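Q: Please take a close look at one helix in this model and describe how it is packed. Follow the description outward to the parts it leads to, and give the cut-off behind each term.

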Amino acid sequence: MTPFIDIHSHIIPGIDDGTCTLNDAIEMVEYAANNGISHMVMTPHIHHGRYDNDKQSISRPFIHLQQAIEKKHIPIHVAYSGEVRIGVEMMEMLIQNKIPFLGQYKEYRVILLEFPHGQIPPGSDRLVNWLIRRKIKPIIAHPERNKDLHEDFTKLVPFLKAGCLLQVTAASLTGKFGQKSQQLSQLLIENKWAHFIATDAHNMKHRPPELREAHTFLVDILGKMEARKLFYDNPWSIVKNKF
Ligand SMILES: [Fe+2]
């Protein structure tokens, strides 16, 4: 069976609202490996004023975790990036090279970009165009959970036209974020607007690193080959240079 590549998770301990301790993180990573995930890019929040992370604050605890994973011989490959909250602050951080990129897409460097859950802030389209002009391609994290998009998913169109890619959360597909998120996640996938499924794992209790359930669910709808693109081919094409 083809393994899964997870491009969105909060497993590096102690730097955002994900795992708190190294032991918790190891438990999450073991779960991910058993779930069929072979490669995982950990993406702590980079959110000005809330989680003031940058390349340096992420890399240090990441290396510590990576060493613990190797010591325990857990069969998984890990790398780090960040989930960047949209806002003017990210512009300065990008100029200063403080944001760790998720990967590469053709001539573009790629970031995982987050909107607030309640809305798409005015001016977001201009910010996205600023990124594209600088050859930075955003993957929009979990649009299916955004309240503005629950009301009107066509608000995504300007972002798709600008060149953004979309990442849907596995647990949205299986209904764990409610009916609206489930319906929108299916619609985005069936319309071929979404290119990636990821865990957005935060903890073992409510948001574990689980992709297998969503994969089984999607194989029934799309067939094996189409599902493989979302869980393996597309994410691997972006992140392979990190491993
Ligand atoms: Fe996230």
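A: The buried residues of α9 are covered by elements that include β1 (4-6), α7 (170-173), β10 (196-198) and α10. Contact here means that the C-beta atoms of two residues, placed from the backbone, lie within 7 Å. Helices (H or I, at least four residues) and strands (E, at least two) are DSSP runs, numbered from the N terminus. The model is predicted, so local features need pLDDT of at least 70 and side-chain atom pairs count only at pLDDT 80 or more, while totals for chains, interfaces and linings use all residues. Residue numbers start from 1 along each chain as its sequence is written.

The residues of α9 that are buried are Ala214, His215 and Leu218. A residue is buried if 20 or more other C-beta atoms lie within 10 Å of its own, exposed if 12 or fewer, and partly exposed in between, again with C-beta atoms placed from the backbone. Viewed down the axis of α9, the buried residues fall within an arc of 100°, so they line one face of the helix. That arc is taken over the directions from the helix axis to the C-beta atoms. Thr216 and Asp220, on the other side of α9, are exposed.

The next item is the packing of α9 against α10. Two packed helices are described by the angle between their axes and the distance between the axes. Helix α9 spans residues 212-222 and helix α10 spans residues 224-239; their axes come within 7 Å and cross at roughly 135°. This angle makes α9 oblique to α10. Axes are lines fitted to C-alpha atoms, for helices over the stretch in contact, and angles run from 0 to 180 degrees between N-to-C directions. Angles under 35 degrees count as roughly parallel, over 145 as roughly antiparallel, 65 to 115 as roughly perpendicular, and the rest as oblique. The crossing of α9 with α10 is right-handed; a crossing has that hand if the near helix is turned clockwise from the far one by less than a right angle, and is left-handed if anticlockwise.

On the α9 side, the contact is made by His215, Leu218, Val219 and Leu222, and on the α10 side by Lys224, Glu226, Ala227, Leu230 and Phe231. By class, the contact of α9 with α10 has six nonpolar, one polar and two charged residues. Ala, Val, Leu, Ile, Met, Phe, Trp, Tyr, Cys and Pro count as nonpolar, Asp, Glu, Lys and Arg as charged, and the others, Gly among them, as polar. His215 and Leu218 are thus named twice: they are among the buried residues of α9 and among its residues in the contact with α10. Just after α9 comes Gly223, with a positive phi of about 90°.

On the other side of α9 in sequence, the loop between β10 and α9 holds Asp200. Asp200 is not a glycine, yet its phi is positive, about 50°. With 26 other C-beta atoms within 10 Å, Asp200 is buried. Asp200 is also one of the contacts of Thr169, which, leaving aside neighbours within four places in sequence, further include His142, Glu144, Arg145, Phe177 and Ala198. Thr169 lies in strand β9 (residues 165-169) and counts as buried, with 25 C-beta neighbours inside 10 Å. Between Thr169 and Gln186, 17 residues apart in sequence, the C-alpha to C-alpha distance is 11 Å.

From Ile238 the description moves on to Tyr105. Outside its neighbours within four places in sequence, Tyr105 is in contact with Ile238, Val110 and Lys137. Tyr105 is placed in strand β6 (residues 103-105), and its 18 C-beta neighbours inside 10 Å make it partly exposed. Lys106 sits in the loop between β6 and β7 (108-114) and has a phi near 50°, positive in a residue other than glycine. Lys106 is exposed, having 8 other C-beta atoms within 10 Å.

A second helix pair can be set beside the first. The axes of α1 (residues 22-34) and α2 (residues 55-71) come within 10 Å and cross at roughly 55°. α1 and α2 are therefore oblique to each other, and their crossing is right-handed. Leu22, Ala25, Ile26 and Val29 of α1 meet Leu65, Ala68 and Ile69 of α2. By class, that contact has seven nonpolar, no polar and no charged residues.
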